[in-house]
Amino acid sequence: MIADLGPWCSFQPQSLTDQYLADLDDLDDSEGDDDAVDNETAEQDVEMDEDKEFDEEGAEMSAEKELSALTKLYGSAKLEDHMKAIHRSLGRAAPAPYTPEHAEDYDLVCKSNDFVYDLEQEAIALTTYVRQAYAPRFPELEALIQNPMDYVRTVRKIGNEMDTTNVDLTGVLPSATVMVVSVTATTTTGKPLPPEQLEKVMTACEQ
């Protein structure tokens, strides 16, 4: 039996210390790979954040833009023709399936969905315009009123009035918010808008 083990007599068992050092080497290699992956991922995240910041800055509406550039669909002949088509469809009996009238109504519904989306985007652009254009007059107001439509209605009511106690905001804002707005208005750092700028803001609010 011992003679049969001859080829194995030259084998030296690895000590626990050698095993531990070998494991440390493997661990270092693994951590190096992980660090490389983490660095690459971090660089990608930074690039994505930079791209996101660029897109957000490019999407911000400048208060200097004309309102016509923000409302290409609102008040257009295209929207007016579409609304006339809807009224014609509503004024007739429901068409039978697989008829030209049925196909026309289906196409009308699809186009209406597109119009609704486009109008929502224009509403967002208008509220952004109002917020930025009116900020010099009452910069604290945006933080007090989170709802965009409530903000626009409040701006339309206040305008260039510096004493908000003369402005009736009943029905526009909750009574508690009205009180906060009135108190904040007494210490605002804002100044009245030039007549031309105020006119643009009011026009945007009405739309």
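1. How many residues apart in helix 2 are Glu 80 and Lys 84? The two are four residues apart within helix 2 (residues 77–90), which means that about one helical turn separates them. Their side chains meet in a salt bridge, at 3.8 Å from N to O, where a salt bridge is taken as a side-chain nitrogen of Lys or Arg within 4 Å of a carboxyl oxygen of Asp or Glu. Glu 80 is partly exposed, at a relative accessible area of 46%, and Lys 84 is likewise partly exposed, at 44%; in these terms buried is under 20% relative accessible area, exposed is over 50%, and partly exposed lies in between, with a 1.4 Å probe and protein chains only.

2. On the basis of the values: this is a predicted model, in which local features need pLDDT of at least 70 and side-chain atom pairs count only at pLDDT 80 or more, whereas totals for chains, interfaces and linings use all residues. Residues are numbered from 1 along each chain as its sequence is written, and side-chain values use heavy atoms, with hydrogens and water left out.

3. On the overall fold, the chain has seven helices and zero strands, and its pattern along the sequence reads α-α-α-α-α-α-α. Helices (H or I, at least four residues) and strands (E, at least two) are DSSP runs, numbered from the N terminus. Of the 207 residues in the chain, 26% are buried. The accessible surface comes to about 14900 Å², with 56% of it belonging to carbon and sulfur atoms; the areas come from the Shrake-Rupley method with a 1.4 Å probe, and for residues only the protein chains shown count as cover. Where contacts between residues at least 6 apart in sequence are taken, 66% of them join residues at least 24 apart, a contact being heavy atoms within 4.5 Å.

4. On the remaining charged pairs, the structure holds six salt bridges. One of them joins Arg 92 to Glu 104, with the closest N and O atoms 4.0 Å apart. Because Arg 92 lies in the loop between helix 2 and helix 3 while Glu 104 lies in helix 3, this pair ties together parts that are twelve residues apart in sequence. Arg 92 is partly exposed at 31% relative accessibility, and Glu 104 is partly exposed with a relative accessible area of 44%.

5. A further salt bridge is formed by the side chains of Asp 107 and Lys 111, at 3.3 Å from N to O. The two residues are four apart in helix 3, so about one helical turn separates them. An α-helix has 3.6 residues a turn, so residues three or four places apart point the same way. Asp 107 counts as partly exposed at 37% relative accessibility, as does Lys 111 at 41%. Arg 92, Glu 104 and Asp 105 are joined into one network by salt bridges that share partners.

6. On the interior, the largest nonpolar core has 28 residues, and those with the most contacts inside it are Val 130, Tyr 134, Leu 141, Val 155, Val 181 and Val 201. Such a core is a set of buried Ala, Val, Leu, Ile, Met, Phe, Trp, Tyr and Cys residues joined through side-chain atoms within 4.5 Å. Helix 3, helix 5, helix 6 (175–185) and helix 7 are the elements that give two or more residues to this core, and helix 3 gives the most, with six residues. Leaving aside its neighbours within four places in sequence, Val 155 is in contact with Val 130, Tyr 134, Leu 141, Val 201, Met 202 and Cys 205.

7. Helix 7 (residues 195–206) has twelve residues and reaches 16 Å from its first C-alpha to its last, close to the 16 Å expected at 1.5 Å a residue, the expected span being 1.5 Å times one less than the number of residues. Its buried residues include Leu 198, Val 201, Met 202 and Cys 205, and also the polar or charged Gln 197 and Lys 200. The buried residues of helix 7 pack against helix 3 (100–134) and helix 5 (148–158).

8. Thr 127 is found in helix 3 and is buried, with a relative accessible area of 15%. Apart from its neighbours within four places in sequence, Thr 127 is in contact with Pro 148 and Val 152.

9. On the cysteines, the structure holds zero disulfides, a disulfide being a pair of cysteine sulfur atoms within 2.5 Å. Cys 110 counts as partly exposed at 30% relative accessibility, whereas Cys 205 counts as buried at 9%.
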